Amino acid sequence: MNEKEILAVVRAYFPNALTTSETVTRMLDLIHQHYDIEAKQIMLADSICSDDVNTMEYPQRAYEMLGPFKMGGLNGFPFTGLTGMNAFAHHVPEDGAVFVYYAPHIGITKEGITGEINRVGQHKPSACCGAAKAALTKLLNGAIQEGMISELDYQQNTIEQIFLRQEDRILTSSHPLLEATTVMYEAINDRINLLVSKTEYPCKYLILMGGILINGDHDMGSFNACQRFEVIDLRDRKSTDMKQHLLR
Ligand SMILES: [Zn+2]
C-alpha cells in the first residue's frame with residue numbers, strides 16, 4: 001500500500017486527516033510565518049493517550065520544540081490537571097509560545113477497521129484505544145455505575161463516567177466507537193478550555209490544537225484530524241483561528 005492509498009483509508013472516516021508529521025511541519029511553518037516564532041521558542045505539551053503506540057509514532061519534528069510535557073492519561077484526558085498546566089506554562093521562553101496539542105485516539109487497520117491496529121510483532125490486531133473500547137463495552141452492557149470512580153482505576157472510571165453522561169448519543173449512533181471518540185474529544189476540549197482559563201502564561205502566545213489522533217497499523221504511521229487550531233495573543237487574549245491555513 002502506498003502513502004496515498006493509506007491516507008484514503010483514513011480519510012474515509014476523517015476527511016481532513018493529515019499525517020502527524022505533516023501536521024507538525026505545517027503548524028511550525030505557519031507559526032514562523034505569521035508570528036515569527038521558531039520551534040525552539042515553543043514549549044510543547046500534549047494531552048494524548050499513554051498507549052505505547054503514541055510514543056513510537058511521535059512525529060520527529062515535534063522534538064524541535066521544547067518538551068513535550070505530558071498532560072494526558074488514558075485516551076488523552078488531561079489528568080495532570082491544573083498543576084500540570086501551570087507547570088509547563090512556567091517553563092516557556094518569555095518571547096515564545098506555549099503549544100498544547102490534545103486528542104483522543106482511535107486505531108484503524110489497512111482494511112479500514114476502526115478501533116484496532118496491528119502492532120509490531122503481533123499476528124492479530126489489538127484494541128486501540130483500549131481504554132475507550134473497554135469503557136464502551138461496559139456502557140453497552142449497562143455495567144457503568146453512576147458516580148463510581150475508584151482510586152485503583154481512577155482514569156478508566158473517569159472515561160466511563162464521561163461516556164455514561166452521553167449514553168443515549170453513543171448507543172443510538174450507527175458507529176458507537178466513533179461517536180464515543182467524538183464525545184471524548186468534546187470532554188477533553190472542555191477541560192482544556194477550563195484549565196486554560198485558570199492559567200497565566202508568561203510568554204507571547206498560546207497555541208491550541210485539538211484533534212482526533214488516528215493510529216494506523218505499525219507500517220501505516222499516525223494521522224491527525226484537526227478539530228481546532230487557534231493562536232491566542234496573550235497581551236490582549238485575542239484569538240485567531242488558523243485551522244483553514246493548516247488544512248489549505
Ligand atoms: Zn488509548
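In this predicted model, the lining of the largest cavity is made up of eleven nonpolar, six polar and two charged residues. The space that these residues enclose amounts to about 230 Å³, and of the 19 lining residues those closest to the centre of the cavity are Thr20, Val24, Tyr58, Pro59 and Tyr101. Several elements take part in this lining, with helix H2 (20-35), strand E2 (42-47), strand E4 (97-102), strand E8 (205-216) and strand E9 (222-233) each supplying at least two residues. Among these contributions the largest share, four residues, comes from H2. The count of cavities of 30 Å³ or more comes to one.

The largest pocket has a volume of about 300 Å³ and is lined by 16 residues, of which Phe77, Ile162, Arg165, Ala187 and Arg191 lie nearest its centre. Two elements, helix H6 (154-165) and helix H8 (176-197), give two or more residues each to the lining of this pocket, and H8 provides the largest share, with six residues. By class, eight of the residues that line the largest pocket are nonpolar, three are polar and five are charged.

Helix H6, which contributes to the lining of the largest pocket, consists of twelve residues and extends 17 Å from its first C-alpha to its last, a span close to the 16 Å expected at 1.5 Å a residue. This helix is mostly covered, with nine of its twelve residues buried. The buried residues of H6 are Gln156, Asn157, Thr158, Ile159, Glu160, Gln161, Ile162, Phe163 and Leu164, and Ile162 is also one of the residues nearest the centre of the largest pocket. The packing partners of the buried residues of H6 are H5, helix H7 (167-171) and H8.

A zinc ion is coordinated in the model by the SG atom of Cys49, the NE2 atom of His105 and the SG atom of Cys129, at 2.1 to 2.3 Å. Along the sequence, the donor residues of the zinc ion follow the spacing C-x55-H-x23-C. The two cysteines link distant parts of the chain, since Cys49 lies in the loop between strand E2 (42-47) and helix H3 (52-56), while Cys129 lies in the loop between strand E7 (126-127) and helix H5 (130-140), 80 residues apart. Both Cys49 and Cys129 are buried. The elements that flank these loops also appear elsewhere in the description, as E2 supplies at least two residues of the lining of the largest cavity and H5 is among the elements against which the buried residues of H6 pack.

Technical notes:
Residues numbered from 1 in each chain as written. Predicted model: local features only at pLDDT ≥ 70, side-chain atom pairs only at ≥ 80, totals over all residues. Heavy atoms only, no water. Donors = N, O, S within 2.8 Å, 3.2 Å for Na, K, Ca; no water. Buried < 20%, exposed > 50% of the residue type's maximum accessible area, 1.4 Å probe, protein only. 1 Å grid on protein atoms, 1.4 Å probe; cavity = no way out; pocket = protein on both sides within 12 Å on 5 of 7 lines; lining within 4 Å. Points joined across faces, edges and corners; volume = space filled by probe spheres on them. Nonpolar A, V, L, I, M, F, W, Y, C, P; charged D, E, K, R; others polar. Expected span 1.5 Å × (residues − 1). Contact = heavy atoms within 4.5 Å.
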